[in-house]
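Let's take a walk through this fold, starting with the whole chain and then zooming in on a few spots where its parts meet. Keep the viewer open as you read.

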Amino acid sequence: MQRTAPPAPAALTGILLVVGGTVIFSINDMSIKFLSGDYALHQVILIRALVGMAFLMGLIAVTGTGFGQLRTRRWKAHLLRVSIILASNLTYFTGLASLPIADAAAVAYVSPLAITALSVVFLNEKVGPRRWAAVVVGLVGVVVMLRPSSGVIQPAALLVFVSALLYASGNLITRRVGGTESAMALSFYTQLGFIIASATMGLWFGDGHLAGEGTLWSFLFRPWIWPPAADWPYFIATGLSVAIGGLMVTQAYRTSEVGLVAPFEYMGMPMAIFWGVVMFGTWPDATSWLGIALICGAGLYVMWRETARRQGAE
């Protein structure tokens, strides 16, 4: 019998970074879901980005290379990446405000499957027929989560699906520019872009003149209010979780094959179920469980096939 080799150190590091970053990211989803009842989304994103930027600036100041690691000649790539990530955030959290957190996470986790598929086109990575079949199964799971049998596809779930595709595209750009750009630079320019964009939104419609109560978009357009002391821990949690989790996931995609690390983002699914039960008292229904099983099962299968390929079992 052939003895299997342990994962290469770089691959194992990438996997651990994605797992840890995904668990930390789940705190951001929980906190924004909690804040979505009272605040405008662009206000939450602005405060989150300011907290995250403060953390990054402190981290940059104490690292060996300091602010020199922020130098870049790839402004267009950064601008494109930040724009895609911002659009992904706006669509995801707008949908999340109207969905149970586990349902939103399940639809969002089609993203690793999309990354696996798109990596063939944009990164020339190899994906076998069985992994393609897993991608198809995952997409079936998304259709289940959209619940078309009820007569109307849930607009909120559709927004989350669009967000997942945008997120996949953003990670592919991360992979492309990762050879010349540090994880710190990628995170710094993301936070900077969020600050500029959300502040601009606040100046444009932060007075609430575009808000429509009870609509899908009310979370995005409602007026700004000053948060009471009890809500500040959630704002701080969003900033720190995105800054720390973002650094970890960005470093993983910079240094590891996309098709290897992407499926490990499914670690966020049990965390979403956990936060849904503990914080919001929601438990996935039978339809949701079916969609979760299809999407996460497909992702786990991709992970297993990748492991088998690397160990020479194919």
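Count up the secondary structure and you get 13 helices and zero strands. Keep in mind that this is a predicted model. Reading along the sequence, the pattern is simply α-α-α-α-α-α-α-α-α-α-α-α-α. The protein has 314 residues, and 54% of them count as buried. As for the outside, the accessible surface comes to about 14,100 Å², with 70% of that belonging to carbon and sulfur atoms. What about contacts across the sequence? Taking contacts between residues at least 6 apart in sequence, 86% join residues at least 24 apart.

Now for a pair of helices from distant parts of the numbering. Find H1, which covers residues 9-35, and H12, which covers residues 268-280. Their axes come within 9 Å and cross at roughly 35°, and the crossing is right-handed. On the H1 side, the residues that make the contact are Thr 22, Val 23, Ser 26, Ile 27, Met 30, Lys 33 and Phe 34. They meet Gly 268, Met 271, Trp 275, Met 279 and Phe 280 from H12. Sort the residues of this contact by type and you have eight nonpolar, three polar and one charged.

Next, swing over to H2 (residues 41-62) and H3 (residues 75-96). Here the axes come within 11 Å and cross at roughly 125°. Why call this pair oblique? The angle of roughly 125° lies outside the 65 to 115 degrees that count as roughly perpendicular and is not over 145, where roughly antiparallel begins, so H2 is oblique to H3. This crossing, too, is right-handed. From H2, Leu 41, Ile 45 and Arg 48 take part, and they meet Asn 89, Leu 90, Phe 93 and Thr 94 of H3. That contact divides into four nonpolar residues, two polar and one charged.

Finally, let's zoom in on a single residue, Ala 108, which sits in helix H4 (residues 101-108). Is Ala 108 buried or exposed? Its relative accessible area is 17%, and the cut-off for buried is under 20%, so Ala 108 counts as buried. Which residues does Ala 108 touch, leaving aside its neighbours within four places in sequence? The answer is Tyr 92, Val 160 and Ala 164. Also have a look at Tyr 167: although Ala 108 and Tyr 167 are 59 residues apart in sequence, their C-alpha atoms are 8.8 Å apart in space.

Note on methods:
Residues numbered from 1 in each chain as written. Predicted model: local features only at pLDDT ≥ 70, side-chain atom pairs only at ≥ 80, totals over all residues. Heavy atoms only, no water. Axes fitted to C-alpha atoms, helices over the stretch in contact; angles between N-to-C directions. Helix = DSSP H or I, 4+ residues; strand = E, 2+ residues; numbered from the N terminus. Parallel < 35°, antiparallel > 145°, perpendicular 65-115°, else oblique. Left-handed = near helix turned anticlockwise from the far one by under 90°. Contact = heavy atoms within 4.5 Å. Nonpolar A, V, L, I, M, F, W, Y, C, P; charged D, E, K, R; others polar. Buried < 20%, exposed > 50% of the residue type's maximum accessible area, 1.4 Å probe, protein only. Areas by Shrake-Rupley, 256 points an atom, 1.4 Å probe, with all protein chains shown as cover.
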